[in-house]
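Hi,

Here's the structure I said I'd pass on. Have a look at it first, then read my notes underneath.

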Amino acid sequence: MSGYRGNKRQHYGKGSARRGRDHENVAVDENNPIIQCFREYATILDAKHDKYERIVKISRDITIESKRIIFLLHTIDPRKNNLQKVCNEAKDRLEAIFRNHFVNIAKELKDQDPYQYTRAYTNGMQEFIEAYTFYEYSCGMDISHWDAIQKKLTYSSDQNVDSPSNARSIAEKPLNEPTDAEPDEQKRSNETTGETMKLTCLLHPQDFVLGLGDLSGEIMRTCINSLGSGNSESCFLHCRFMQELYKGFLSVTSIRSRDFSHKMMTLRQSLLKSENVCYNVTVRGGEAAKWGTTDETSGAMFQLQPSKDDDDEGVYF
């Protein structure tokens, strides 16, 4: 029986190969309604995939520029008195991202369902939120609300405008000014043409929260750098801020993202390192800076890793 079955399978295989070769030269009727529908579907899917790839490329540019801004903000040193200079440069580069990158994503999302393309630029958006909030934190400003950043990602322009430079956005205004007032030029444009449209780059609340989770790592580095520069008092301020941020993350009850638990673990590790820095400052006093160097032996003091059995109890309401 086994040999018979094998011959039977071999026989079917040869037959299927012959049938495939017989259908190679069959002409396709392009006038067939079914064929025309599938041709139309293929065109729509190709356009969607091309748009997705264009957004991914823009997101990569946003990620690269955001990382450069973060590195720039880490160069703030009270001993060099360069806070104002670095903050002004970071503000200009953040405004350039609003004008040159997010406006292009907003144009790609015009007349489209933005939720179909959020995964295309989620990495760039999270990195930008990290850079933007780190800029506000480093300059002594309050962290912006999600709605305030979403307003900065809303652009208005004439319907016949195609270039990004002609799109008006509240991002063109200074980052620390209110955004409720409409520019006078836009008002005059609305009065003369009467045809305006709004372009919006969707900021998903999940991306905003995950970007805030990444902010903890930068504050932890700032805390350690402050200890190395001799500014030990600011270490406690950084640590208290991270404690409040961690408390807010713990209060989230309904988690709808796989990345949220990973951010929580990273946030907790950064908080433990910052608390260990404050512990060394309290115990060792002026000698604590010697333990905050980049040496492997001394640097290991700040690499506190929680054990698997050390579960966080969380908060209860």
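Below is what turned up, starting with a pocket and ending with two annotated residues. Keep in mind that this is a predicted model.

**The largest pocket**

The largest pocket holds about 460 Å³ of space. Its lining is made up of 17 residues, and the ones nearest the centre are Ile76, Asp77, Pro78, Thr222 and Ser226. Sorted by class, that lining has 9 polar, 6 nonpolar and 2 charged residues. Where does the lining come from? Domain 1 (33–157) and domain 2 (204–297) each give at least three residues to it. If you'd like to find it by helix, look at H4 (118–138), H7 (205–228) and H8 (233–250), since each supplies at least two lining residues.

**The two glutamates**

Which residues does UniProt list under "binding site"? The unreviewed entry names Glu130 and Glu218. They span 89 residues in sequence, but their C-alpha atoms are no more than 8.5 Å apart, so the two gather at one spot.

Glu130 sits in helix H4, while Glu218 belongs to helix H7. Are they buried or exposed? Glu130 has a relative accessible area of 5%, so it counts as buried. Glu218 is buried too, at 9% relative accessibility.

Now for their contacts, skipping residues up to four places away in sequence. Glu130 is in contact with Ile70, Gly211, Asp214, Leu215 and Glu218. Glu218, in turn, touches Ile70, His74, Glu130 and Phe134. So the two glutamates touch each other, and Ile70 is on both contact lists.

Cheers

Conventions: Residues are numbered from 1 along each chain as its sequence is written. This is a predicted model: local features need pLDDT of at least 70, side-chain atom pairs count only at pLDDT 80 or more; totals for chains, interfaces and linings use all residues. Side-chain values use heavy atoms; hydrogens and water are left out. On a 1 Å grid over the protein atoms alone, a cavity is a set of points where a 1.4 Å probe fits but cannot get out, and a pocket is an open set with protein on both sides within 12 Å along at least five of seven lines; lining residues have an atom within 4 Å of a point. Grid points are joined across faces, edges and corners, and a volume is the space filled by probe spheres set on the points. Helices (H or I, at least four residues) and strands (E, at least two) are DSSP runs, numbered from the N terminus. Ala, Val, Leu, Ile, Met, Phe, Trp, Tyr, Cys and Pro count as nonpolar, Asp, Glu, Lys and Arg as charged, and the others, Gly among them, as polar. Domain bounds come from an automatic or database domain assignment. UniProt positions are given in the numbering used here, feature names are shortened, and annotations may be inferred rather than shown by experiment. Buried means under 20% relative accessible area, exposed over 50%, partly exposed in between (1.4 Å probe, protein chains only). Contact means heavy atoms within 4.5 Å.
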